[in-house]
Every structure is written in C-alpha cells, then in structure tokens.
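Here is a quick tour of how some of the chains sit relative to one another, followed by a closer look at one helix. Have the model open as you read.

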There are 4 protein chains.
Amino acid sequence: MEARPPGRRERTKAQNRKVILDAARRVFAEMGYGAATVRDIIKATPLASGTFYNYFKSKEEVYQAIRDEVALAIRPRLRAARAEATSVETFLSEGFRIFFAFVAANQADFRHLKPDTMRFRVDTPEVLAGFEELRADVEEAIARGLLPAVDADYLMAALVGVGFEMSERMLLRDPPDPEAAAAFATALMLGGIKALPVAG
Amino acid sequence: MEARPPGRRERTKAQNRKVILDAARRVFAEMGYGAATVRDIIKATPLASGTFYNYFKSKEEVYQAIRDEVALAIRPRLRAARAEATSVETFLSEGFRIFFAFVAANQADFRHLKPDTMRFRVDTPEVLAGFEELRADVEEAIARGLLPAVDADYLMAALVGVGFEMSERMLLRDPPDPEAAAAFATALMLGGIKALPVAG
Amino acid sequence: MEARPPGRRERTKAQNRKVILDAARRVFAEMGYGAATVRDIIKATPLASGTFYNYFKSKEEVYQAIRDEVALAIRPRLRAARAEATSVETFLSEGFRIFFAFVAANQADFRHLKPDTMRFRVDTPEVLAGFEELRADVEEAIARGLLPAVDADYLMAALVGVGFEMSERMLLRDPPDPEAAAAFATALMLGGIKALPVAG
Amino acid sequence: MEARPPGRRERTKAQNRKVILDAARRVFAEMGYGAATVRDIIKATPLASGTFYNYFKSKEEVYQAIRDEVALAIRPRLRAARAEATSVETFLSEGFRIFFAFVAANQADFRHLKPDTMRFRVDTPEVLAGFEELRADVEEAIARGLLPAVDADYLMAALVGVGFEMSERMLLRDPPDPEAAAAFATALMLGGIKALPVAG
DNA sequence: GATGAATGAGAATTCATTCAT
DNA sequence: TATGAATGAATTCTCATTCAT
C-alpha cells in the first residue's frame, strides 16, 4: 500500500505460512510424505531456510497443519449434518456427500495413489479425532433410535474405509463425481450390494 | 543363547534374510515405517551393517519385501476362495474370513494404528496388485451372474476400505476375533446397516 | 590464532572456498590425489564437514577447480605470448619461460613426483583444452610462416611432454631455476641436442 | 587333459594371475586407476573375491604388476639398444623405435587419454627406474663421447616427455604408425623443429 | 522477521579383507 | 587353493537446525 524499498518482498506473516503450507502440499503430493524433507519444502518456496522455523518446527508439524486444516474444516460440517439427520438415509447420505465433495474440492490433499508406486497414507491425531467423532455420532444415533444397536466401532471403521478408499478411486476419474460416489456409498451402506445402483 | 564353537559359520543366507526381515518387522511396528532407519534395522539384528546390503538396497526394499511376502501369501488364497464362490454370500464371507484371519495371525505386519500418534499406511505395488485382482474378481463375479452389474471399481475400493480399517480396529480388541469381524463386514456388505447383527 | 568475539561471522563465502582449495592443495601434495579423501581435505580445514558440500560435490570437483584455476591463469598468458611471437625462437622461448616460471611460482600444484613412490598425474578437461590451444597456435604459426609445415599434433605433444616432465625435474632442484629450464627446452626444440648448452 | 568332475574349472595358478591382470587392465582403462576398486577388478573376473588375495595384496600391487611387466619387458631392450648405439642418431632413433613400437603393440596399457575427461597417468617405481636408466645411459653416452656434455637429467626428462605424450597422440591415430612417430621424435631431438620432416 | 551459510550429528553406503567351508 | 558371505571401519553425504547479519 505504501512505497517500499525496491527488492523488499511484500509478505505478511500469514502469507508466508500459506506459502509454506502450499509448497508442502505440492512436495508431499510429488514425493510422498516419507521421502520429503524440510529442505525440499523450503526449496519449493521463495523463502530462506531459517524462515521455515519461524512458522513450523518440523516436517511433521507442517503435515499436521495441513491435515488438521483439512480435518478441522470438514469435521464440524460432518458433525452438524449427522446431528441434524432424521433417518439412517440422511445420516449416511449427507455425510458421504459432504465428504466426497470436500475431497473433490481439495484434491491435492487427498491424492496419495500413484499407479505402480507405493502409496502412502498418513493420518494425524486430528484426523483420528474425526474418526472418534464419527463413532460418537454413530453411538448417539443409536441412542436416538436412528440406527440399530450395532457395533459402533466397526461401523465407524467401515464408513471411514469406504470413504477414504472410494475417494481415491473417485479422484482417478475424469471428472470426479462426488455425487455419484456418495450415492454409491450410501446405497451400499444402507442396503448392501443388492441395493447398489446398476452401472450403465 | 548357547555357547558355540568359535568360528562356526552358523547362519545361512536364507536365514540371514529372514533375520533382517524379522528385525525390520519389529522396528517398523515399534517406531513406524517413516521414522525407522536402516541403522535401526541393523541394530535390531546380530549382523554387521554391511551384511544388510548383501540382501537389500534400502529400507524401502525391505519394506516391499515384507509387504510383498504378505501380499503374495494371501492373494492366492483370496483368489481361490472368490473363484469357488457360488453366491454373493460366500464371495464376501470367505474373502473377509480369510483376510481377517490372516491379519490376526500376522498382527505385526498390520498394526499401524497407535493411539494419539500419526498413523502410517504404505501400500506397495504388490499390495496394489491385490486390489486389482479383487476388482477383476468382482468383474468376473458380475459376469458369472453372482453379483449385479455394479461399479466394480468402487465396490473393490469399498471392500478394501472396510477390510483394512476394520482390521485395525480388530487388532485393538483383546482378543481379536476375526470370525466376528468377518461376520460384521459380510453382513454389512450384503444387506447394509439394517442387516447388521445387533451388538450384545 | 587470536581470540575472537564469540559468534562473530568471520569468514566470507569466497574465503571459505579458498580455504578449502588451499587445504586440498596441501593434502594432494602430501598424500597424492589418489589417496586423498574428502575427509582428509576437511580435516585440513577449520570448517565443518557439511560446509565442504556447500562448495564442492566431491574430491574430483575440488581437483578440477584447482587445475582449472591454474590452467585458466596460465593459458591466456601463453596464448598472448605465442600470438605476439615474431620468430620460432620467441614462440618457443617465451612459452617455456612463462610455463616454467609459473610452475616454480605454484610448486604445490605441480609437484607430483616423489622418489620411490608412484607418481600421479591427472589432467582435467581444462588442462587438455590448453593442449588444444597450443596445437591451434602451432597451426597458426605454421600459417604465419613462423614454423615449417610440421605435424602440429605431434609437435604440440612434444612441447607438452618436455614442459611437464622437465618441470618436475626442475622442482626437484634447489633452487628451481625456471630461466635455465626454459633455455634448455628452447635450445633443444630449436636446434636439437647438438644445440644444447654444455653443462658446467 | 584328463577327465574332471563337471563344473570344475581348469585354471592353473599362472592362468588365474593372468586373468586378474587382464581384468585389471580393462578396468583401469575403463574407469581410470583412481576410481577403480578391487571389487571392480574381481567383478571383471570369473573368480571369487577371496581368490584375488591369493595373488595380490591390493589394487596398487596389481597396478604395479602391470606396469612392471611392461617396464621390465621394455627396459632391457632399450638399454641394449642404447648401449649398442654408435652415434647420437642411433641412440635416439633406436630408442624411440622400440618404445613407440612397444606402445603400439600394448595399446591397452598405455591409453590413458579420453577426450573430455580427466586423464590419469600413474608411474610406478619400476617405471621411474626406467627413467633413471635412461639418465644413466645418457650420462654414459656423454662419457663415451656420443653426446655432448648436456644436462643429463633434463635431457632424460625431455626424452621421456616426448615419448609418453607423443605415444598417446599416436594411439589416437588410425592406424597408429610407430615408425613415423619415431622418425618425428628422432628428428626433433636431433636437429630441432627446423629438422622436422614437413607434413604432406 | 528474514536471510542463507555454517554446523556436525548421524544416516547411508562402500569396500578391503577375513575365514569357514 | 577357491569360494563368497560376513565383517565393520572408513567414507560419503544429508539434513535439521542455529545464528550472525
């Protein structure tokens, strides 16, 4: 806004944080979380190495920040949708819709599947906390009479597994269709294979 | 443990390979794949550092060997069971039974979930090939009229997701009960939530 | 040698490069290029091991830098002298004078002969380029009528051989006498053995 | 000659020594003396690593054996020729003829020049001893009145330099012509540049 | 805060050499 | 004598982190 000495980069604190996070997203997507180093992240940035440490303590912390950002963004929406659900159908369908739509909108953070390479998936505590929330919501839904008294832990795991694995396959499609994915997952969880839509 | 004649060449090549793989299994289970180093694996071994490199080129290669061993051990059994299936029920139930039983019998290779820590999952090409086999089997089952003409790719993903996520929860239970897990997963995939057994 | 205020950033980038190159010069001279390791070079330096790699990728690269520095320092002078030559005599005498004087002034970089040991000589691409320059100059001198139409490639080789081998013998003498060496080489190349000065 | 159990390799001690020396020649020519390792030499051999040590103690020793073999083969011939020389002309011409012919016949042991790469030359004590012999012969030739009383050390160096450098250039030609090289070197050393044959 | 060179612990890897068979 | 796997010291090299500017 005001005149600055030339060469002075106009970067705010928040911007730098974002610059690092975005670079890390790219690096993790390209080389996988395990192989990536702080160096790699810095190199993908116009910033100096020391600057990194003004924002994060380690690669792990960056990764957590990314996953947490994602998890914290979606978890409240999922909780709300499930809380408002008035039936098994809406409990499932709204959850899957929100999840697959979110994944499609944030592809870079979810694409971990590369053909013929190792596939890495790393879940942070914040993500795992989302799993626990789902279990709690399942338990509450049981209490509310929405769901039968099933094994909430296993059902949670099944829902999580279906959500994550299907979302990776969804991202391989062109274009990804979150609605269709949600419909598939919902039908499957609701009525089993027999209830699935027949493919055209 | 016991005294040996000095200079006795006591270990064979195959044994050393196994010694390294077993040490790696332990190390990966204890510290997680990402944190483990080749050094750690060697230290968990009575062998010299150089010996490691007579067998494997890197941590990645050891990991692959473990996963591949596992994948190659279970995949033929799964294929056979699915090929012999005469109904949707057996297609699913036998697959889940074999998978969960295998996981329970090889806990160390599957336990990636630690409370309050990050969870790593790394799938090697050989594991991914197992996914493709499942998809092919689903397609064949559709062709054989065993399954309706559903989206085989998504169904494969759902089955994989349910299998892996549920197996991690199963391993947290004491004792793990593969039969119960298989029953749950089968019922869910077959008839949906409504068909699930009601928890005691 | 003297106390310094702690934390003083005392060395500049260019200085460090020089520190490493000088250490390498000493190490190569002492143990020979083949036996020297990066470690040895670092140890001959007040710097940390990692610092080495901020400047050079390997022992080879350091060696090249040294040889290239030497080659790039002397080649223009040789070219100029040969270009200005108005006779065979000056073409040869000025070349040898410059070369032997340079060798005497940079003994450490040229002393490869140790009695009763192997003798290493390693010529980098930059040095080899100097050979080609000499050949080109010979060809031009022929074109200019300064030299008869001899085999320029062989003549170049002969001049190079005489220069390098004689310089090693020169450095063994105490004190080295570049003028005398140049006089000898010039006379030999000009008029053959019969034209050589008779030793006192 | 007699029947042997199958798989038994018919190798004599002398043959194995030769196998190793030949492999080493190839390896040194390919990667240069400095970069080559004992491992590399063994790999270029059908022998086991331990067998190497039945014949040589180190890479250095192999190298010495090669160079020495070469030096010991040629040195007596050179000595004899120089001893029999009755004039400067024959002293020089016979020496160069023998040397260049030998080099041409043993190309692999002398080719150290690769375009655009570093060039290594390593002279063993046995080779250096050959230099001293040449100097002694020069001194004797002076005593015999064959040569003027020149600086024998420098003349030796000049002859060596001309011989080695020219031989490398000779080997680059197709076909190498030792006679022509010898004629050139002899004329140059005898009468200087002016006495050189004019190139066609 | 930003910078980026220096640091040095430690991880990866090589390789000469040994030695049981 | 030949074999070739095991050895582990030595070496190369990386990388998170510090800190003077």
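## Chains that stay apart

Chain B and chain D make no contact in this predicted model; 14 Å separates their nearest C-alpha atoms. Chain B doesn't touch chain C either, and there the nearest C-alpha atoms are 21 Å apart.

## How A and B are related

Chain A is another story. Put chain B through a rotation of 179 degrees, with 0.0 Å of shift along the axis, and it lands on chain A with an RMSD of 0.3 Å. The two copies are therefore related as by a two-fold rotation axis. Both copies use the same surface, too: 98% of the contact residues of chain B turn up again in chain A.

## The A–B contact

In this pairing, 41 residues of chain B are in contact with 40 residues of chain A. On the chain B side, the elements giving two or more residues are strand 1 (119-123), helix 6 (125-143), helix 7 (152-172) and helix 8 (178-191). Helix 7 of chain B has the largest share, with 11 residues. Sort the chain B side by residue type and you get 27 nonpolar, 5 polar and 9 charged.

There is strand pairing across the contact as well. Strand 1 of chain A and strand 1 of chain B run antiparallel, joined over 5 bridges. For a spot to look at, try A:Val122, whose bridge partner is B:Phe120.

## A closer look at helix 6 of chain A

Helix 6 of chain A covers residues 125-143, 19 residues in total. From first C-alpha to last it reaches 27 Å, close to the 27 Å expected at 1.5 Å a residue.

Which residues of helix 6 of chain A are buried? They are A:Val127, A:Leu128, A:Gly130, A:Phe131, A:Leu134, A:Asp137, A:Val138 and A:Ala141. These cover an arc of only 165 degrees around the axis, so they sit on the same side of helix 6 of chain A. A:Glu132 and A:Ala143 are exposed, on the other side of this helix.

## What the buried side packs against

Within chain A, the buried residues of helix 6 pack against helix 4 (59-84), helix 5 (88-105), strand 1 and helix 7 (152-172). Strand 1 of chain B joins that list of packing partners. Just past the end of helix 6 of chain A comes A:Gly145, with a positive phi of about 80 degrees.

Note on methods. Residues numbered from 1 in each chain as written. Chains lettered and ligands numbered in written order. Predicted model: local features only at pLDDT ≥ 70, side-chain atom pairs only at ≥ 80, totals over all residues. Least-squares fit on C-alpha atoms with pLDDT ≥ 70 in both. Contact = placed C-beta atoms within 7 Å. Helix = DSSP H or I, 4+ residues; strand = E, 2+ residues; numbered from the N terminus. Nonpolar A, V, L, I, M, F, W, Y, C, P; charged D, E, K, R; others polar. Pairing = 2+ DSSP bridges. Expected span 1.5 Å × (residues − 1). Buried ≥ 20, exposed ≤ 12 C-beta atoms within 10 Å, placed from the backbone. Arc of directions from axis to C-beta.
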